[in-house]
Amino acid sequence: MRFNHLDLNLLVALDVLLEEQNITRAAERLHMTQSATSGVLGRLRTFFEDELLVQVGRKMQPTPYALELAKPVREVLLTIRSSITTKQVFDPVSSKRHFKLMASDYLITVLFSQVIQKIHEQAPHITFDMIAPNDGDLLVRGEIDLMIVPERYVIEGHPSHLLFEEEHVCVVWAGNTLVGEQLSLEQYMELGHISVGFGRNRSSSIEEWFMNQYGFNRRLEVITHDFNTVPQLVVGTQRIATMHRRLAHLYAKYLPLRILPTPVKIPAMREFMLWHRSTDGDPMHRWLRERIHEFIKTVDLSVPGIAERDTSHPK
């Protein structure tokens, strides 16, 4: 198909070339030979009257014009995929859609493991790919269907919906001799802490909050890479961990742990579900979003201390 003398199939190649910035990798994704991919790049250069990708040392870098093209090209392809090539058939029972969801191990453990089971009862042929948190680029590029993240990671320009709010509690080993039934802020700050760190600086939002509120950080003795290892690292130590209430109560059923209120009120964490605006009107996508919202409310009823909150259905 051509539009203003441009073969629209070339846009697919351009999107891949700008993402990979490498002829070999782009050829593999496009299922083409390297020479054919180089030929496609040549045709694109001719049409746009720009080099698009230039060799700098051993790498290829996009030109300023190519960087301007990247977003609109991706948006066009996503619109075509969601509104033209995807059949708008709404039948959960027979649907074989494959959904990619980005969520932390904490969310999968306390909520989505059960939510997916409930969805399977109504849509037995739907499959899921659970992706570990990375960044918002995957959503912006339309490579994932849903992203569930704290409020500060919400991406402007794409639909979002508040799923639930999460409180924090303190967790210690049942044999901890330094902590009684009450926990003062001074004692809390003196204890060694176990925390989860992501990214280069390995700091959590709680650290940022304590620094902004009180001007100091907790004494971190162990930093792990996921939420599920935190309660396991507490056992047998005199350390303390500040955890999500849902995850703490889950692990307290299986591990010798004590759960205490935090010495100061830590702001609740608001978890949002995000999706690319191009899928907003997809009937099956909307059905999935509504079921996730509905089932999370059901799962929450079994968690001690979690009050059911009334949030509107995602649009």
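1. The open sheet of this predicted model has five strands in the order β6-β5-β7-β14-β8, with mixed pairing; strands are DSSP runs of E of at least two residues, helices are runs of H or I of at least four, and both are numbered from the N terminus. Two strands pair if DSSP finds at least two bridges between them. Because β6 (127–131) and β8 (160–166) stand at the edges with a single partner strand each, one side of each is left without a neighbour in the sheet. Neighbouring strands are turned by 20° against each other on average, direction ignored.

2. Within this sheet, β5 (residues 98–102) and β7 (residues 146–150) run parallel and are joined by two bridges, with Met102 standing opposite Met147 in β7.

3. Helix α5 (residues 105–122) packs on the sheet and touches β5, β6, β7, β8 and β14 (269–274), its direction making about 175° with that of β6. Contact means heavy atoms within 4.5 Å, while axes are lines fitted to C-alpha atoms, for helices over the stretch in contact, with angles from 0 to 180 degrees between N-to-C directions.

4. The axes of α1 (residues 9–20) and α2 (residues 23–30) come within 9 Å and cross at roughly 140°. Val12, Ala13, Val16, Leu17, Glu19 and Glu20 in α1 meet Ile23, Arg25, Ala26, Arg29 and Leu30 in α2.

5. On provenance, local features need pLDDT of at least 70 and side-chain atom pairs count only at pLDDT 80 or more, whereas totals for chains, interfaces and linings use all residues. Residues are numbered from 1 along each chain as its sequence is written, and side-chain values use heavy atoms, leaving out hydrogens and water.
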